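Me: I should like to go through a structure that is new to me, one question at a time. Please reason briefly in each reply and finish with the value or name requested.

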Amino acid sequence: MNALIVSADNDARSAVQRVCGARTPPITVVREMPGMLSLGAGVTLGKPDLIFFDARGSVDRALEELTRVSAKYPKAMVVLLAPMQSPDLLIAAMRIGVREVVSFPLDLVELNAAIDRLDAKAREADREEGKLVSIVSSKGGSGATFLAANLSYALSAVARKKTLLVDLNLQFGDAALFISDEKPAMTMADLCAQIGRLDEHLLRSALIHVTPDFGVLAASPNADPDDRVRPDHVAAILALARQHYDFILLDAGRQVNAVTIRAMDASDLIMPVLQQSLPFIRNGQRMLDMYATLGYRKDNIRQILNRHDDANPITRADMERGLGHRIAHLMPNNFEVANESINQGEPVLRLARGSNLSKGLIDIVRSLTESPVSHSGSIIRRLFARNPVPTH
Ligand SMILES: Nc1ncnc2c1ncn2[C@@H]1O[C@H](COP(=O)(O)OP(=O)(O)O)[C@@H](O)[C@H]1O
Ligand SMILES: [Mg+2]
């Protein structure tokens, strides 16, 4: 981070300088302005991210200069160094967008805390958009819900990613039960019924918080008789979630409806879950055909072969041949651990860290977190750009 210090007071300048230099990583002071000179003068070594602005003296003069400095560096965040008793100055500064004020005599702890808060805010603003991953059941009983729930937990516990699991099964969704015994305060249908009030706070209050970094938006236990869950509601919820989570995993179930298609359309990756049998090959093929029709790129479709068993006469290669698309991940068959985990509502990684299922989950987490994402977070979206659909 770069900083600009605007102060006529040598002591104040060196105090701020010391605080900046002592931080890890240090903040580089790109320019010190001894008082409120014309901003045109002098050499600036780089654009400041932070401006320490000493606002002592005439309030009008200070505000005039502050307005000028913040107009010159509109992206910079300002720490106002101000006398205690100046409500007029504070209110006017707040109006310009200043949110941090440190009073004199300068307290270094206070100054550091103000920088911490701005730093956290900047990182939040820089956060890449979260990745949206749809886990799709190729056929009932594939293990899609089990994997969506356990992968979500693993992303937060192993890779420290802020993760949201969204249950898109509009009938009898059970994803939350796989990893928690808590009752949700609100379900997807309840949230959609209040869509006009949707914001981060409402979304958070609707979740089951399995850990501070992992929340679940549960489905209604009943069918949705009033059709409260609409495609654009779900799209709005997912768009909001992208701003606040690193990963959003959807248990997309196996129903193809307007809601799931809209959600898959917004997804960065689609992960169909299959098992070694002919019905899975047939259904899997149908789904791949549908994705091709929708224009989804093949490399964003990562098939998971679940309950993989070397002894099964239908091999991975048979599956790949039949499907015409490669299997990206194998999850071993482990009925004992899977069953125990589901019955206890306890994630596999917590229950049996050393099991082959945990290892499989960690491998998938690694591939999800290591795939290249541009710093703007938009490359995935571009990669996922639709293939041109012929218009004859
Ligand atoms: N890797 C696995 N090994 C053993 N059993 C599994 C595995 N994955 C899933 N299961 C079992 O399959 C059942 C169905 O899983 P579920 O996630 O509900 O499937 P879906 O959501 O695709 O209908 C679960 O009850 C679970 O016990
Ligand atoms: Mg399911």
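Me: How many helices and strands does the secondary structure of the protein chain come to?
Reply: The model discussed here is predicted. Its C-alpha trace spans about 80 × 55 × 40 Å along the principal axes. For the protein chain, the secondary structure amounts to 15 helices and 13 strands.

Me: What percentage of the residues of the protein chain count as buried?
Reply: A residue counts as buried when its relative accessible area is under 20%. The protein chain has 392 residues, and the share of them that counts as buried is 49%.

Me: Where does ligand 1 sit?
Reply: The shell of ligand 1 comprises 19 residues, and the closest are Ser-137, Gly-141, Ser-142, Thr-145 and Phe-146. As for its site, ligand 1 is placed in the largest pocket.

Me: Which element supplies the largest share of the shell around ligand 1?
Reply: At least two shell residues come from each of helix H5 (144–157), strand S12 (303–308) and helix H12 (335–344). The largest share is four residues, and its source is H12.

Me: How much of the accessible area of ligand 1 does the protein cover?
Reply: Oxygen atoms of ligand 1 have polar partners in the protein: a backbone N or O atom of Gly-141 lies at 2.8 Å, and a backbone N or O atom of Ala-144 lies at 3.0 Å. A side-chain N or O atom of Thr-145 is 2.7 Å from an oxygen atom of the ligand. On its own, ligand 1 has 570 Å² of accessible area, and the protein covers 84%.

Me: How many disulfides does a search of the whole structure find?
Reply: A disulfide would require two cysteine sulfur atoms within 2.5 Å of each other. The search of the whole structure finds a total of zero.

Me: Is Cys-20 buried or exposed?
Reply: The limit for a buried residue is a relative accessible area under 20%. Cys-192, at 3%, falls in that class. Cys-20 has a relative accessibility of 0%, so Cys-20 is buried.

Me: How far apart in space are Ser-180 and Val-216, C-alpha to C-alpha?
Reply: Ser-180 belongs to the loop between strand S7 (163–167) and helix H6 (188–193). Its relative accessible area is 8%, and therefore Ser-180 is buried. Ser-180 and Val-216 are separated by 36 residues in sequence, while their C-alpha distance in space is 9.3 Å.

Me: Which residue does a cis peptide bond join to Phe-104?
Reply: One cis peptide bond runs from Thr-24 to Pro-25, with omega near -10°; Pro-25 is in the loop between helix H1 (10–22) and strand S2 (28–34). The loop between strand S5 (100–103) and helix H4 (108–126) holds Pro-105. With omega about -10°, the cis bond of Phe-104 leads to Pro-105.

Me: Is Arg-160 buried or exposed?
Reply: Arg-160 is in the loop between H5 and S7, and its phi is positive, near 55°, although the residue is other than glycine. Exposed residues have over 50% relative accessible area. Because Arg-160 has 64% relative accessibility, Arg-160 counts as exposed.

Me: What is the relative accessible area of Arg-307?
Reply: Arg-307 is found in strand S12. Its phi is positive, about 55°, although Arg-307 is not a glycine. Values between the limits of 20% and 50% are classed as partly exposed. Arg-307 belongs to that class because its relative accessible area is 35%.

Methods
Residues numbered from 1 in each chain as written. Chains lettered and ligands numbered in written order. Predicted model: local features only at pLDDT ≥ 70, side-chain atom pairs only at ≥ 80, totals over all residues. Heavy atoms only, no water. Buried < 20%, exposed > 50% of the residue type's maximum accessible area, 1.4 Å probe, protein only. Near = heavy atom within 4 Å. Polar contact = N/O pair within 3.5 Å; in protein donor to acceptor, adjacent residues only side chain to side chain. Areas by Shrake-Rupley, 256 points an atom, 1.4 Å probe, with all protein chains shown as cover. 1 Å grid on protein atoms, 1.4 Å probe; cavity = no way out; pocket = protein on both sides within 12 Å on 5 of 7 lines; lining within 4 Å. Sits in = over half its atoms within 2 Å of the grid points.
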